[in-house]
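Thanks for sharing this one. Here are some notes to read alongside the model, with the helices, the rings and the backbone taken in turn.

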Amino acid sequence: MGPVLASAINLYIIWYGQWNPTHQATIRDFLDSLSSSSSVPYPSVADWWDTVRLYTDQTGSNITATISISGEFYDSGYSHGVYLSRLSMQSIIKAAVTSHLRLLPLNPHNGLYLVLTSQDVQVEDFCRAVCGFHYFTFPILVGVTVPYAWVGYSGTQCPGMCAYPFAWPKYSGKPPPNGGNDITHAPNGDAGVDGMISVIAHELAEVSSNPLINAWYAGEDPTAPTEIADLCLGLYGSGGGGGYMGKVYKDAWGNGYNVHGVKGRRFLVQWVWNPVKRRCFGPNAMD
């Protein structure tokens, strides 16, 4: 009986740490692709988001089709250090919205805050249990309740865990299949940022369908919910499962992708649970 993000989303990005501008541009283009279907070939990132939009609140309102980057804040001075707890994400948001520059508003109506940490920042449970997470802020810490998500750049810390299938897990105990030739090359040239984009997609799908951890989830325990992207982890195309990502497209250089974005971009984004078809689904599905 909880809400979903049905109103147009104002997305506020907090770039924590030192960022490569090329990586930032790739991430921005992905986020801009979520609401851009015109002039983008099918299947597009917006077509992928259409599955997320099937989820409704108790009034029947669907998740919004509109996600706009409405502000960015550069915390390049590591205001809370390079070792972060999960809870410190809320303090980082608080610091950004109370900065004397006032670059980001505190928007409790339709704001969504995305904290992205750079390659040299270590986060509690990162690379062990999580590649990203979402939650909501506590009024005692931030002043209001707003949904937020965090995703870390894993390219140097744990690409095999958080940038699969662009890197092979070292802990798997097995060599990469076919001598490593079956590992998919990153469509935007960097395993860390391309892997990060799929995690961002995962978290945006879940924070939109379960922003206050009382809407769409499976399992008996809302404090450890299985959400709509958790159900489809590792699936990117038809026939996927058991370590096989499924059937995806390949560009002229052999880079794997399953959706198109703005500016001619291509991305590989994991599938999510389709509540109508009752299975994992993406717009590149063959059936």
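1. Is Ala46 buried or exposed? Ala46 counts as buried, because its relative accessibility is 6% and the cut-off for buried is under 20%. Please keep in mind that this is a predicted model. Ala46 has its place in helix H2. Apart from neighbours within four places in sequence, Ala46 is in contact with Ser33, Leu34, Ser36 and Ser37. If you would like a distance to check, the C-alpha atoms of Ala46 and Val115 are separated by 22 Å, with the two positions 69 residues apart along the chain.

2. Staying with H2, have a look at how this helix (residues 45-52) packs on H6: the angle is about 35 degrees and the axes are 10 Å apart. The crossing is right-handed. On the H2 side the meeting residues are Trp48, Trp49 and Val52, and on the H6 side they are Ala201, Leu204, Ala205 and Ser208. Sorted by class, this contact has six nonpolar residues, one polar and no charged.

3. H6 (residues 191-209) also has helix H1 (residues 21-33) as a partner, with axes that come within 10 Å and cross at roughly 35 degrees. Here too H1 passes H6 in a right-handed crossing. H1 contributes His23, Thr26, Ile27, Phe30 and Leu31, while H6 contributes Val193, Met196, Ile197, Ile200, Ala201 and Leu204. The residues of this contact divide into nine nonpolar, two polar and no charged. Ala201 and Leu204 are worth selecting in your viewer, as they appear in the contact with H1 and in the contact with H2. As a reminder for reading such lists, residues three or four places apart in an α-helix point the same way, because there are 3.6 residues a turn.

4. What about helix H3 (residues 88-97)? This helix is mostly covered, with seven of its 10 residues buried. The buried residues are Ser88, Met89, Gln90, Ile92, Ile93, Ala96 and Val97.

5. Ring pairs deserve a paragraph: the structure holds 15 aromatic pairs. One of them joins Tyr16 and Tyr78, with ring centres 6.0 Å apart and planes at 90 degrees, so the pair is edge-to-face. This pair links distant parts of the chain, as Tyr16 is in strand E1 (residues 9-16) and Tyr78 is in the loop between strand E2 (67-75) and strand E3 (83-84), 62 residues apart. Both tyrosines, Tyr16 and Tyr78, are buried.

6. Another aromatic pair, Trp271 with Phe281, is tilted, at 6.2 Å centre to centre and 40 degrees between the planes. Trp271 is in the loop between strand E11 (266-267) and strand E12 (272-274), and Phe281 is in strand E13 (residues 279-281), 10 residues apart. Trp271 and Phe281 are buried. Phe281 has a charged partner as well: the charged end of Lys277 sits over its ring, 5.0 Å from the centre.

7. Which residues form a cluster through ring pairs? They are Phe126, Phe133, Tyr148 and Trp150. Arg86 lies over the face of Phe133, at 4.3 Å from the ring centre. Phe126 is also among the contacts of Ser154, together with Pro159, Cys162 and Ala163, leaving aside neighbours within four places in sequence. Ser154 is in the loop between strand E7 (147-152) and helix H5 (159-162), and with a relative accessible area of 1% it is buried.

8. Now the backbone. Most peptide bonds are trans, and most residues other than glycine have a negative phi. The bond from Tyr42 to Pro43 is cis, with omega near -5 degrees, and so is the bond from Tyr164 to Pro165, with omega near 10 degrees. Pro165 is in the loop between H5 and H6. Pro43 lies in the loop between H1 and H2 and is buried, at 4% relative accessible area. Not counting residues up to four places away in sequence, Pro43 touches Tyr249, Asn258, Val259, His260, Pro283 and Asn284.

9. Lastly, two phi values to look at. Tyr78 has a positive phi, near 50 degrees, without being a glycine, and counts as buried at 18% relative accessibility. Asp125, also not a glycine, has a positive phi of about 75 degrees. Asp125 is in the loop between strand E5 (122-123) and strand E6 (132-136) and counts as partly exposed, at 25% relative accessibility.

Notes:
Residues are numbered from 1 along each chain as its sequence is written. This is a predicted model: local features need pLDDT of at least 70, side-chain atom pairs count only at pLDDT 80 or more; totals for chains, interfaces and linings use all residues. Side-chain values use heavy atoms; hydrogens and water are left out. Axes are lines fitted to C-alpha atoms, for helices over the stretch in contact, and angles run from 0 to 180 degrees between N-to-C directions. Helices (H or I, at least four residues) and strands (E, at least two) are DSSP runs, numbered from the N terminus. A crossing is left-handed if the near helix is turned anticlockwise from the far one by less than a right angle, and right-handed if clockwise. Contact means heavy atoms within 4.5 Å. Ala, Val, Leu, Ile, Met, Phe, Trp, Tyr, Cys and Pro count as nonpolar, Asp, Glu, Lys and Arg as charged, and the others, Gly among them, as polar. Buried means under 20% relative accessible area, exposed over 50%, partly exposed in between (1.4 Å probe, protein chains only). Rings of Phe, Tyr and Trp (its six-membered ring) pair if their centres lie within 6.5 Å; planes under 30 degrees apart count as stacked, over 60 as edge-to-face and the rest as tilted. A charge sits over a ring if NZ of Lys or CZ of Arg is within 6 Å of the ring centre and within 35 degrees of the ring normal.
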